[in-house]
Amino acid sequence: MLAQAVGAIGITIGIATASLLARDLSGSESLAGLAGTFQVLGAAIASYLLARVMSTRGRRVGITTGFLLGATGALLAVVAGVVGSMVLLLLGAILIGATTAANNASRYAATDLALPERRGRALSTVVWATTIGAVAGPNLTGPAASFADLVGIPDLTGPFALGAIGMLLAALVVGTQLRPDPLLLAREVADLPPTEPSGTSWGRARQAVRERPVLGLAIAGLAGAHAAMVGVMTMTPIHMEHGGAELRIIGVVISIHVLGMFAFSPLVGLLSDRIGRPPVLGAGGVVLLVSLVLCAAAPEGTSWQIFSGLFLLGLGWSLATVAASTMVADHAPLEARTDVQGMADLVMGVTAASAGGLAGLVVGLAGYPVLALLTTALALGVVLAATRAATLHRRAGAM
């Protein structure tokens, strides 16, 4: 939880200035979103690579490596601002994505030694800790600018400098305190050999999904919910700005959205343990549908529809993500657990990056309401995945 909170500060502190720095370095507003897109892609790639590390070296080494790579990326972003290099900024953004991958792996680490009936609560408690960093990070933008003036670097690189410190602290916490390693201990308790499994990481993950179809449904639900959230959330500030909304109000809407994403995670985890993962996943899909309809009905600028829609978008994401992630932890075989989890986060990241990239095109061609309505297809996919998973669970229980 501590590493998750500190690591989230490292990620979120640069969100407010990443697009501004990219715009200044590239000289084009149309390229301002590249920093965020490259970070999402970096998280997807790192999820797969860190999973390979964790499969043989355990959670501690893998998560620590992710935070260290993220800190390196943040420092590269500082250098990019100093020397005026867009290429260095994008390379740094890719590496910063490794911190997102490390934070994602932390939620799975919480389930390695949890009892099956408490996995949802264990996972959601670690997810909840992200709230601390997600709220604190953007609010440190002002002090970060003062820090930048103090050390003589551009103001827009200050958040990245402080972010690097946050990521290094997270690496220190995991590297020194995550003992014994939960994954290696779980394998020891299960009397599994500590040797690397045969075959490729991707091959082991695909075999597990073929043998356990519920894993594929969980991954589909995870990816669909994340893509729906990213696609609409990234374009909401522009929709509001077109209607004359102040930057302060836009910030409040995003804060309410983040509140919906993380603040209720422990309750979601409890529901997941009590009533089952598929029903909570399905509820997440339904809440996403309601949120997207509200967003589609929201006029430009400030409105009650955009406030409630963005809150429910975060809450629907929380319901679907906690339930689907716990399903992955439930059904991934121990010998291939990190492989399946890495593949799940890779698919989730690539899908979200694609949604984010297409969202700008849709809004440019047809407008924000059309984007929200088209995104309902993803929410329906989450509901269908949950329905099918519930059917498989009932069949398994009857056998």
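Me: Which helix of the protein chain has the lowest mean pLDDT, and which the highest?
Reply: Helix α2 (residues 15-26) has the lowest mean, 75, and α14 the highest, 97. pLDDT is the predictor's confidence in each residue, from 0 to 100, and helices are DSSP runs of H or I with at least four residues, numbered from the N terminus. This is a predicted model, where local features need pLDDT of at least 70 and side-chain atom pairs count only at pLDDT 80 or more, while totals for chains, interfaces and linings use all residues. Residues are numbered from 1 along each chain as its sequence is written, and side-chain values use heavy atoms, with hydrogens and water left out.

Me: What makes Thr 111 buried?
Reply: Happy to show you! Its relative accessible area is 1%, and buried means under 20% (exposed is over 50%, partly exposed in between; 1.4 Å probe, protein chains only). Therefore Thr 111 counts as buried.

Me: Where is Thr 111 found, and which residues is Thr 111 in contact with beyond its neighbours within four places in sequence?
Reply: Thr 111 is in the loop between α5 (86-109) and α6. Leaving those neighbours aside, Thr 111 contacts Arg 119, Leu 123 and Ala 329, where contact means heavy atoms within 4.5 Å.

Me: What is a nonpolar core, and how many residues has the largest?
Reply: A nonpolar core is a set of buried Ala, Val, Leu, Ile, Met, Phe, Trp, Tyr and Cys residues joined through side-chain atoms within 4.5 Å. The largest has 61 residues, and Leu 281 and Tyr 368 have the most contacts inside it.

Note on methods:
Helix = DSSP H or I, 4+ residues; strand = E, 2+ residues; numbered from the N terminus.
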